[in-house]
Amino acid sequence: MSRDTIPFNCYTIAMSTKDKVLQILRDNPHSAISGEKLAAQCTVSRAAIWKAVNALREQGYQIEGTTNGGYQLSSEADIVCVQNIAGFIQADFPQLKTNHIEAFETIDSTNTYAKRLLAAAGSMRHPSGELTAAGNTYHKSIFVAESQTAGRGRLGRTFISPAKTGIYLTVVYAPEGGIKEPAKLTAFAAVAVKRVIERLYHVDACIKWINDIFVNGKKVCGILTEGFTNFETGTIESAIVGIGINIADNREIFEKSGSAIVGSITGVGKDLNVSRAQLAADIAAQTLLIFEEDPSEVFEQYRAASFLTGKTVQVHPIIGDESSYYDAKVIGIDEDAALIVELADKSTRHLNSGEVSLHGSDLK
């Protein structure tokens, strides 16, 4: 397992020579920069620049050497690293200041990893509400992986997380006063993902209660929100929000999921050559920022994006017990993010847990 980490503010940390070279080349996409100029700007030797360029090439960056000794970044490789993630956040969401980003080639689960870090770090906030040292590090932190060996979904399900065709990320959010409505965080994260997918891929996305994102009748994203409790205060001190996105078609996902509705963004939308780093960065940033928007407005966007309203669904109150399901018509979502369904006798129920399913013809 490899790990790429920036443990302090990604916009103020003293960058390595490799990071500085990459930033300078990015800032000058249409011209070659000489090794001498790079050395002067980075205040290092020409040999150090040569070493940094080779290290970047080994990471997958395509850097051309010109006849006059200059270097030029020919194209951005699809590399999921802290530098790329931080760069996209700074470009697209400069208002977000995050103190900790980590990136992995593979990991057991980004949610599980975040929970381990928080367990070792201790309390995120003082009784006064101010962030502790741990809180300053991990509040609004971002963890991104290219693959997971033990990805998890809701209700204990396995979330298939192969390399190269998806991106898997977790954000940590520890607001003053703790987490009061965890279900709404899941709903708000779904709106954040919808916004990013529509902006980057130019496709319409919709939400299936409570945590799935669909594009053209196919599930392309799932969200798992978990709470981290402060046992001294008994409050849910922070939320760990995991988001897994299927970017490209992958037979492993389709076969292991056993579901005909699982798909990918580029499989049903337009392939606009969006890098995985940009997608991860934009979703992580948009999710953290949406938690601080007007909650009533975001929740109305969630309701409007739900495609279940008006449809007849099968309600599975006890997962795995097929005898417990019943048919109902979805009539809305209440203020607590519960699904409101109407039964055949016209009585209504508010569903806070369980699962609902649709016939395939009703998914589009």
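Asn-216 is partly exposed, with a relative accessible area of 47%, and it makes a friendly way into this predicted model. The value lies between the 20% limit for buried and the 50% limit for exposed, and therefore Asn-216 counts as partly exposed. From there, the briefing turns to unusual backbone spots, a helix pair and an open sheet.

**Backbone spots worth a look**

- Asn-216 sits in the loop between β9 and β10 (218-230), and its phi is near 50 degrees, a positive value in a residue other than glycine.
- Most residues other than glycine have a negative phi, and most peptide bonds are trans.
- Lys-140 also has a positive phi, near 70 degrees, and is found in the loop between α6 (133-138) and β6 (142-145).
- Is Lys-140 buried or exposed? With a relative accessible area of 16%, Lys-140 falls under the 20% limit and so is buried.
- For a cis peptide bond, go to the step from Trp-209 to Ile-210, where omega is near -5 degrees.
- Ile-210 belongs to the loop between β8 (206-208) and β9 (212-215).

**Ser-141 in its loop**

- Ser-141 is found in the loop between α6 and β6, where Lys-140 is located too.
- The relative accessible area of Ser-141 is 0%, which means that this residue is buried.
- Which residues does Ser-141 touch, leaving aside its neighbours within four places in sequence? The contacts are with Thr-98, His-100, Thr-170, Val-171 and Val-172.

**The α7 and α10 helix pair**

- Helix α7 covers residues 182-201 and helix α10 covers residues 276-290; their axes come within 8 Å and cross at roughly 140 degrees.
- Why is α7 called oblique to α10? Roughly antiparallel would need an angle over 145 degrees and roughly perpendicular one of 65 to 115, so the crossing of α7 with α10 counts as oblique.
- On the α7 side, the contact is made by Phe-188, Ala-189, Val-191, Ala-192, Val-193, Arg-195, Val-196, Arg-199, Leu-200 and Tyr-201.
- On the α10 side, the contact is made by Gln-278, Leu-279, Asp-282, Ile-283, Gln-286, Thr-287 and Ile-290.
- The residues of this contact divide into eleven nonpolar, three polar and three charged.
- As for handedness, α7 passes α10 in a right-handed crossing.

**The five-stranded open sheet**

- What is the strand order of the open sheet? Its five strands follow the order β15-β14-β13-β12-β16, with antiparallel pairing.
- The edge strands are β15 (348-351) and β16 (355-357), and each pairs on one side only.
- Neighbouring strands of this sheet are turned by 45 degrees against each other on average, direction ignored.
- Strands of a sheet pair through backbone hydrogen bonds, either parallel or antiparallel.
- How many bridges join β12 to β13? Four bridges link strand β12 (residues 312-316) to strand β13 (residues 326-333), and the two run antiparallel.
- Along this pairing, Val-313 has Ala-328 of β13 as its bridge partner, while Thr-312 stands opposite Lys-329 in β13.
- Strand β13 is also joined to β14 (residues 339-342) by four bridges, again in an antiparallel arrangement.
- Lys-329 has Glu-342 as its bridge partner in β14.
- β13 and β14 form a hairpin with five residues between them, and Ala-337 in the turn has a positive phi of about 70 degrees.

How values were computed: Residues are numbered from 1 along each chain as its sequence is written. This is a predicted model: local features need pLDDT of at least 70, side-chain atom pairs count only at pLDDT 80 or more; totals for chains, interfaces and linings use all residues. Side-chain values use heavy atoms; hydrogens and water are left out. Buried means under 20% relative accessible area, exposed over 50%, partly exposed in between (1.4 Å probe, protein chains only). Axes are lines fitted to C-alpha atoms, for helices over the stretch in contact, and angles run from 0 to 180 degrees between N-to-C directions. Angles under 35 degrees count as roughly parallel, over 145 as roughly antiparallel, 65 to 115 as roughly perpendicular and the rest as oblique. A crossing is left-handed if the near helix is turned anticlockwise from the far one by less than a right angle, and right-handed if clockwise. Contact means heavy atoms within 4.5 Å. Ala, Val, Leu, Ile, Met, Phe, Trp, Tyr, Cys and Pro count as nonpolar, Asp, Glu, Lys and Arg as charged, and the others, Gly among them, as polar. Two strands pair if DSSP finds at least two bridges between them.
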